[in-house]
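Visitor: Hi! I have a structure open and I'm not sure where to begin. Could you walk me through it?
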Amino acid sequence: MSDVPLGAIPVVDPRETIGSMTDRVSGVPLRTTGWRWWWMALVPSASLFALGLLAVGWSFYRGIRVWGNDWLVMWGFPILAYVWWIAIASGGTFVSAFFFLVRVEWRTSINRIAETMTLFAAVCAGIYPILHLGRPWLAYWLFPYPNTMTLWPQWKSPLLWDFMALFTYVVASVLFWYLGVMPDLATMRDRATRRTGQVLYGFFAMGFRGTGPQWRHLKATYGALAAIMAPLVVSVHSVVGLDFAGAATPGWHSTEYPPFFVFGALWSGLSTVMLLLLTLRRPLGLAPLITERHIQVLAKLMLTSSLCMSYAYILDAFEPFYSGDATERIQFLNRVFGGYAFVYWGMIVCNCLFPLVLCVRRVRASHLMLGIVAVGSIVGMWLERFNIVVISLQRTHLPSAWGRYVPAVFDWMIFVGTIGLFLTGFLLAVRLVPMVSMYEMRELLAEKGQA
Amino acid sequence: MILARFNAEAGLARALERFRAERIGPLQTYTPAPLQGEPATSPIPLIILIAGLTGATASFALQAWSYTVAYSFPIGGRPQFAWASFVPTLFENGVLVAIAAGFLSFLVINRLPRLYDPVDESAMLRRASRDGWFLQVATEEPELLDRALVLLRDLDPVHVEELAG
């Protein structure tokens, strides 16, 4: 394949028709055999989730002092994991909304996987700030509502903007996903052979039957929502950047942050989509629909976003010296040569240097290498969040507040718990929901004359 | 009612054209994908726009009122009506209202959820969500039904079914 130009690789196997494609995709949740790998993945994922629940329960009981957060590094694990998850989530919306608007044909068979990833990653992100409140049962205080204390939220705080952005993003992602899934649930309802399946899919399909008006309004609504989702996702991650930029902490207080965070979202999100595609397309029998074309396009997008990251890191290293601020300089030197220097250099290797192998066509042709780069990106972005959240807070303006943050065992338990939650949720979705948007594929096949 | 299944989109499109010309109806289509060439008008994008602007305006009003009147919080002599810092929240709130309005109006305009419809009695309609292109003539008038059956003979449907309701 290495000599074939990208555009010549088919975006869908030429032998597929709308009927065979529908059977292939809808057959996955309906089949009763061939799920051994699924159970082998679900059991450890659900166990991790249970471990996380245990740690959350203990944190509620004892209070969040069981975490590693201290008076100097108040943000620690919960916020770094929050930012990490929301970045991964954003990548899915980029694929599904942004590339819908620019009408690229390779978006059609991967948008469902990307959106489902967004959904569960956004849920994982969403629970962290609530846990971090310390008294999560008072989370509703974040909403503006008339109350007996006559208090109103601090509208000028980026933290409140972030709450508004995240809340909007989770609700919007669910509705956008559900709108796109509704016609496919109708297909599932019509193809299910068992009563339970017919009733449940029928209930959630809400009576979508593919009538003329239903399609007409669906297309209009979906297009309009995609046009809103694209700027929304940029705003959400920019606001996450402002959480940091709005504080006077050295290392955070920079106008570079919002775009820098959006680059990071693209990089880790695209890598996660890549990893899911590489893992799932064979066990789900979707290889004729998710072809080499999709993988090569994503590989190039990954390389592009990694280069954007490198640009942001160069600026990040330039600014402390250009600003002439001694604290900024001390903070940066501590980042690069201090006790957590391996985090900084690990981040540089995973996000900037190693992904450069994607410049070589032979490397992009190897799915194993693509998988390794993608895992490296996910690890590298975690290191970046640690680098930003923890290391910056260790060297603030007050030398008396300098110290070292060490995560506690409960921090790790909750973190792996969210990974378990993500994987459990995603696996359940794979088991129950068609993982390719069938109605959009039918349109694509009709355009290609493969009806 | 009469339900006719066609093998391809072109067959259904031709039938639709003939039935419209003969003024037999009301007609309804059931298709696996949006039918090409049909008008694509929908009021929903406009509803979304209006809802979004309303949500954003309401959010701005709430922020401005609560920050200047209800809970004035002077810090370092900075202006109370700090409109620029209200912008991120008004954008997010506007988007939330717009998307919720879009989704809900989709349901309301299509009268969903609608878990039962007389047309569901046809077992072959299940192909409509796979690769069957269906035309429904939703009338009970015997004269119209007869004309429809005659017309369908020329249009080469795969299958024709008469249903009650």
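Guide: Happy to! Let's begin with two strands of chain B: strand E1 (residues 2-6) and strand E3 (residues 133-137) pair in the antiparallel sense over five bridges. Keep in mind that this is a predicted model.

Visitor: Which residue of E3(B) stands opposite Ala4(B)?
Guide: That's Leu135(B).

Visitor: And what holds strands together in a sheet, in general?
Guide: Strands of a sheet pair through backbone hydrogen bonds, in a parallel or an antiparallel way.

Visitor: OK, what is the order of the strands in this sheet of chain B?
Guide: The order is E2-E3-E1-E4, an open sheet of four strands with antiparallel pairing.

Visitor: Which strands stand at the edges?
Guide: E2 and strand E4 (159-162) of chain B do. Each has a single partner strand, so one side of each is left without a neighbour in the sheet. On average, neighbouring strands here are turned by 20 degrees against each other, ignoring direction.

Visitor: Which helix lies across E1, E3 and E4 of chain B?
Guide: Look for helix H4 (residues 142-155) of chain B, which runs at about 15 degrees to E1(B).

Visitor: Switching topic: how is chain B split into domains?
Guide: The domain assignment gives domain 1 (2-38 + 116-162) and domain 2 (44-109). The C-alpha centres of these domains of chain B lie 46 Å apart.

Visitor: How many residues does each chain bring to the contact?
Guide: Chain B brings 50 residues and chain A brings 49 residues. On the chain B side, strand E2 (27-30), helix H2 (44-70) and helix H3 (87-109) each supply at least two residues.

Visitor: Which of them gives the largest share?
Guide: H3(B), with 14 residues of the side of chain B that touches chain A. That side divides into 30 nonpolar, twelve polar and eight charged residues.

Visitor: Now the nonpolar core. Which residues touch the most other members of the largest one?
Guide: Trp85(A), Ile86(A), Ala121(A), Ala125(A) and Val273(A), out of 152 residues in that core. Helix H3 (residues 76-101) of chain A gives the most to this core, with 17 residues.

Visitor: What does Trp85(A) touch?
Guide: Leaving out residues up to four places away in sequence, Trp85(A) touches Ala121(A), Cys124(A), Ala125(A) and Thr418(A).

Visitor: And which residues belong to the other core?
Guide: That one lies apart from the largest core and has 16 residues, among them Met1(B), Leu3(B), Leu125(B) and Phe134(B).

Definitions and conventions
Residues are numbered from 1 along each chain as its sequence is written. Chains are lettered from A and ligands numbered from 1 in the order in which they are written. This is a predicted model: local features need pLDDT of at least 70, side-chain atom pairs count only at pLDDT 80 or more; totals for chains, interfaces and linings use all residues. Two residues are in contact if their C-beta atoms, placed from the backbone, lie within 7 Å. Ala, Val, Leu, Ile, Met, Phe, Trp, Tyr, Cys and Pro count as nonpolar, Asp, Glu, Lys and Arg as charged, and the others, Gly among them, as polar. Domain bounds come from an automatic or database domain assignment. Two strands pair if DSSP finds at least two bridges between them. Axes are lines fitted to C-alpha atoms, for helices over the stretch in contact, and angles run from 0 to 180 degrees between N-to-C directions. A nonpolar core is a set of buried Ala, Val, Leu, Ile, Met, Phe, Trp, Tyr and Cys residues joined through C-beta atoms within 7 Å. A residue is buried if 20 or more other C-beta atoms lie within 10 Å of its own, exposed if 12 or fewer, and partly exposed in between; C-beta atoms are placed from the backbone.
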